[in-house]
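User: I am new to this structure and would like some help finding my way in. Could you take a close look at a single part, and then connect it to its surroundings?

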Amino acid sequence: MTAGEVLIKEDFCLGCGYCAEFCPTKSIAISPERFNSQGHLLAEFIHPETCNACGICAWMCPHFAIEVYKVQGG
Ligand code: SF4
Ligand code: SF4
């Protein structure tokens, strides 16, 4: 089964929440308490075990803050 590794470039994140909203496996969430240097709440990859590397989060991100890599899952 294909699993995903998601890299979030935190200084690019606008905290808009699109990645979390559209992730079909709810693997990403907006942090309730972590901000980046511009003062935006940060998206966090909270459930790597459920990510399927679909790439939707990266497509939805308006600021190119996400990179998705396919890894071999169990
Ligand atoms: S690659 Fe797909 S499953 Fe993984 S975090 Fe992004 S939207 Fe969610
Ligand atoms: S879609 Fe991009 S800019 Fe918006 S919260 Fe997610 S990572 Fe941040």
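Analyst:
**A loop and its surroundings**

Let us begin with Ala53, which counts as buried because its relative accessibility is 8%, below the 20% limit for that class. Please keep in mind that this is a predicted model. Ala53 belongs to the loop that runs between β3 and α2. Its backbone deserves a look too: phi is positive, at about 65 degrees, even though Ala53 is not a glycine.

Stay in that loop and find Gly55, which is also placed between β3 (41-45) and α2 (56-60). With a relative accessibility of 11%, Gly55 is buried, since the limit is 20%. To get a feeling for distance, go from Gly55 to Val71: they are 16 residues apart along the chain, and 13 Å separates their C-alpha atoms.

What surrounds ligand 1, and which residues are closest? There are 14 residues around this ligand, and the closest are Cys23, Cys51, Asn52, Cys54 and Cys57. By type, this shell contains ten nonpolar residues, four polar ones and no charged ones. Cysteine is counted among the nonpolar residues here, which is useful to remember when reading those numbers. Is Cys54, one of the closest residues, buried, partly exposed or exposed? Cys54 is partly exposed because its relative accessibility is 31%, a value that falls between the limits of 20% and 50%.

Now step back along the chain into strand β3, where you will find Ala43. At 4% relative accessibility, Ala43 is buried. Ala43 and Glu5 are separated by 38 residues in sequence and by 14 Å between C-alpha atoms.

Before β3 comes another loop worth a visit, the one between β2 (28-35) and β3, which holds Asn36. Asn36 is buried, with a relative accessibility of 9%. What does its side chain reach? One partner is the backbone oxygen of Glu10, at 2.9 Å. Another is the backbone oxygen of Cys13, which lies 2.8 Å from a polar atom of the Asn36 side chain. Gly39 is placed in the loop between β2 and β3 as well, yet at 45% relative accessibility Gly39 counts as partly exposed. Between Gly39 and Ala58 there are 21 Å from C-alpha to C-alpha, for a gap of 19 residues in sequence.

Cys13 takes us to the other ligand. Ligand 2 has 13 residues around it, and Cys13, Leu14, Cys16, Cys19 and Cys61 come nearest. That shell is made up of eleven nonpolar residues and two polar ones, with no charged residue. Among the nearest, Cys19 counts as buried because its relative accessibility is 7%. With so many cysteine names in view, how many disulfides does the structure hold? The count is zero.

Next, look at Gly15, in the loop between β1 (2-8) and α1. Gly15 is partly exposed, at 25% relative accessibility. Pro32 is 17 residues away from Gly15 along the chain, and the two C-alpha atoms are 11 Å apart. There is also a ring to look for: Lys9 lies over the face of Phe12, 5.2 Å from the ring centre. As for pairs of aromatic rings, the count is zero.

Two further loop residues round off the tour. Ser27 sits between α1 (18-22) and β2 and is buried, with a relative accessible area of 1%. The side chain of Ser27 makes a polar contact of 2.6 Å with the side chain of Thr25. Phe64, in the loop between α2 and β4 (66-72), counts as exposed because its relative accessibility is 64%, and the limit for that class is 50%. Phe64 has a positive phi near 50 degrees, although this residue is not glycine. That brings us back to our starting point, Ala53, where phi is positive at about 65 degrees but the residue is buried.

Terms used. Residues are numbered from 1 along each chain as its sequence is written. Chains are lettered from A and ligands numbered from 1 in the order in which they are written. This is a predicted model: local features need pLDDT of at least 70, side-chain atom pairs count only at pLDDT 80 or more; totals for chains, interfaces and linings use all residues. Side-chain values use heavy atoms; hydrogens and water are left out. A residue is near a molecule or strand if one of its heavy atoms lies within 4 Å of it. Rings of Phe, Tyr and Trp (its six-membered ring) pair if their centres lie within 6.5 Å; planes under 30 degrees apart count as stacked, over 60 as edge-to-face and the rest as tilted. A charge sits over a ring if NZ of Lys or CZ of Arg is within 6 Å of the ring centre and within 35 degrees of the ring normal. A disulfide is a pair of cysteine sulfur atoms within 2.5 Å. Buried means under 20% relative accessible area, exposed over 50%, partly exposed in between (1.4 Å probe, protein chains only). Helices (H or I, at least four residues) and strands (E, at least two) are DSSP runs, numbered from the N terminus. A polar contact is a pair of N or O atoms within 3.5 Å; within protein, one must be able to donate a hydrogen and the other to accept it, and residues adjacent in sequence count only if both atoms are side-chain atoms.
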